[in-house]
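Let's take a walk through this structure, starting with how its helices pack and then looking at a few single residues. Keep the viewer open as you read.

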Amino acid sequence: MREQLSIAFVVPLQGPTGIYGPSCLACAQLAVEQLNAGRGIAGRQVELVQVDAGRAPSAVAEEVGRLVDSGRVDAVAGWHISAVRVALTRRIGGKVVYAFAAMHEGGDDTPGVFMLGERPVNQLLPATHWIGAQHGVRRWAVVGNDYIYPRVTATTTTKALQGSASSIVQSDFVPLGTSDFSSVIQGLEQADVEGVIMLLMGQDAVHFNRQFAKAGLSERLLRLSPAIEENTLLAAGPTANKGLYAAAAYFDGLATTESGEFARDYYARFGTWAPALNAVGESCYEAVRFLARLGEMAGSISIDAVSALPTGHFYDSPRGLLRLDGNLVDQDVYLASANGLEFTVEDQIARTG
């Protein structure tokens, strides 16, 4: 066994989701430094092997597969889109533990895969109910990227809203990397809707928000996103963020003891001009620390050791108290409104079960 425990750290460094990369790298580095100042993971010092998830899913999966097959890495972690996750699980599923940090569309029973992010039942659905109750928004349009997470999430939300006062009445899906939303904007101008559920990632969301505001739609339609975070607000600019809501388990400035301690450590390590602290970056911190938690409980992070763990384990994180439920994580989720270039947390919409 090598002295170091190596993690293939799979995060986007280019493409539409590359906007998240610097935050992911900084947060994961903080986690590694904190762990290595103690026992590391299962008594071994930790290193990250960076893999760029901003490429084609097949290319990402092949690189990670070679790292796993050669024994170069002992685990996989990071934030990336679900299309990359699906390619990875097909290539490495059952070989090493895989901590998938991003919000996701639902379960994945591949051995060794842990889905750490928010999911529609505790993120998008309670957010639509809250906005409906507070602002009377009942008729929603979906605008999303065309891959598994937006499509499955839209379908799940549509079915879950049946029989309630709210409904999704139209959907548009565009390729990842879209910068011209003129046809989508035109459709929204003519639609009988009161709000837009944005399932757009990274730079695509930036382009959409700018064009949405320029068309004057922010004056009459609210927007809700499970993926908008602080980098996206900064990139779009304050005039593009009016009437924009985000649902997430973490926001910079979240008024909890745990999040405050994390922010203090982050800015003490990287300074005032550090990459934006946000849900995406923090989720990467979560993923690395989660592997350490598995090591504490199981004595190692091998597939066999981890598979024998009981469910229902509670643990603390910057997101507060979390509960491991099978390979999913229950967590508190908050709804925030955009206020210029920052978020204001409005309410807690889901609690750890």
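Axes here are lines fitted to C-alpha atoms, for helices over the stretch in contact, and angles run from 0 to 180 degrees between N-to-C directions. Please keep in mind that this is a predicted model.

## Helices that pack together

With that definition in hand, have a look at helix α1 (residues 21-36) and helix α9 (residues 257-270), which pack at an angle of about 95° with their axes 11 Å apart. Because angles of 65 to 115 degrees count as roughly perpendicular, α1 is described as roughly perpendicular to α9. On the α1 side the contact is made by Ala 26, Cys 27, Gln 29, Leu 30, Glu 33 and Gln 34, and they meet Phe 262, Asp 265, Tyr 266, Arg 269 and Phe 270 in α9. Sorted by class, the residues of this contact between α1 and α9 are six nonpolar, two polar and three charged.

Next come helix α4 (residues 124-135) and helix α5 (residues 148-161), whose axes come within 10 Å and cross at roughly 50°. That angle makes α4 oblique to α5. The crossing of α4 with α5 is right-handed. Which residues of α4 and α5 meet? From α4 there are Leu 124, Leu 125, Thr 128 and His 129, and from α5 there are Thr 153, Thr 157, Ala 160 and Leu 161. Four of the residues in the contact of α4 with α5 are nonpolar and four are polar, with no charged residue among them.

The third pair is helix α2 (residues 57-69) with helix α3 (residues 82-92), packed at an angle of about 35° with axes 8 Å apart. Here too you can see a right-handed crossing, this time of α2 and α3. The α2 side of the contact includes Val 60, Val 64 and Val 68, and the α3 side includes Val 84, Leu 88 and Ile 92. Arg 66 and Asp 69 in α2 also take part, as does Arg 91 in α3. By class, the contact of α2 with α3 holds 10 nonpolar residues, one polar and four charged.

## The core and Val 288

Now turn to the interior. The largest nonpolar core has 130 residues, and Val 64, Trp 79 and Phe 208 have the most contacts inside it. Helix α10 (residues 279-298) gives this core its largest share, 10 residues. Val 64 also belongs to the α2 side of the contact with α3.

A residue worth finding in helix α10 is Val 288. Is Val 288 buried or exposed? Val 288 is buried, because its relative accessible area is 0%. Beyond residues up to four places away in sequence, Val 288 touches Ile 7, Ala 28, Ala 31, Val 32, Leu 35, Ile 41 and Leu 48. One of these partners, Ile 7, is 281 residues apart from Val 288 along the chain, yet their C-alpha atoms are separated by 8.5 Å.

## Four more residues to find

The table gathers where each of these residues sits and its relative accessibility.

| Residue | Place | Relative accessible area | Class |
|---|---|---|---|
| Asn 122 | loop between β5 (113-115) and α4 | 9% | buried |
| Ala 350 | strand β15 (residues 342-350) | 11% | buried |
| Gly 202 | helix α7 (residues 202-214) | 0% | buried |
| Ala 42 | loop between α1 and β2 (45-52) | 26% | partly exposed |

Asn 122 and Ala 350 make a nice pair to view together. Leaving aside neighbours within four places in sequence, Asn 122 is in contact with Gln 331, Val 333 and Ala 350. Counted in that way, Ala 350 is in contact with Asn 122, Gln 331, Asp 332 and Val 333.

What does Gly 202 contact, leaving aside its neighbours within four places in sequence? Its partners are Pro 16, Ile 19, Tyr 20 and Thr 232. The C-alpha atoms of Gly 202 and Pro 126, 76 residues apart along the chain, are separated by 23 Å.

Finally, take a look at the backbone of Ala 42. Its phi is near 55°, a positive value in a residue other than glycine. At 26% relative accessibility, Ala 42 counts as partly exposed.

Technical notes: Residues are numbered from 1 along each chain as its sequence is written. This is a predicted model: local features need pLDDT of at least 70, side-chain atom pairs count only at pLDDT 80 or more; totals for chains, interfaces and linings use all residues. Side-chain values use heavy atoms; hydrogens and water are left out. Helices (H or I, at least four residues) and strands (E, at least two) are DSSP runs, numbered from the N terminus. Angles under 35 degrees count as roughly parallel, over 145 as roughly antiparallel, 65 to 115 as roughly perpendicular and the rest as oblique. A crossing is left-handed if the near helix is turned anticlockwise from the far one by less than a right angle, and right-handed if clockwise. Contact means heavy atoms within 4.5 Å. Ala, Val, Leu, Ile, Met, Phe, Trp, Tyr, Cys and Pro count as nonpolar, Asp, Glu, Lys and Arg as charged, and the others, Gly among them, as polar. A nonpolar core is a set of buried Ala, Val, Leu, Ile, Met, Phe, Trp, Tyr and Cys residues joined through side-chain atoms within 4.5 Å. Buried means under 20% relative accessible area, exposed over 50%, partly exposed in between (1.4 Å probe, protein chains only).
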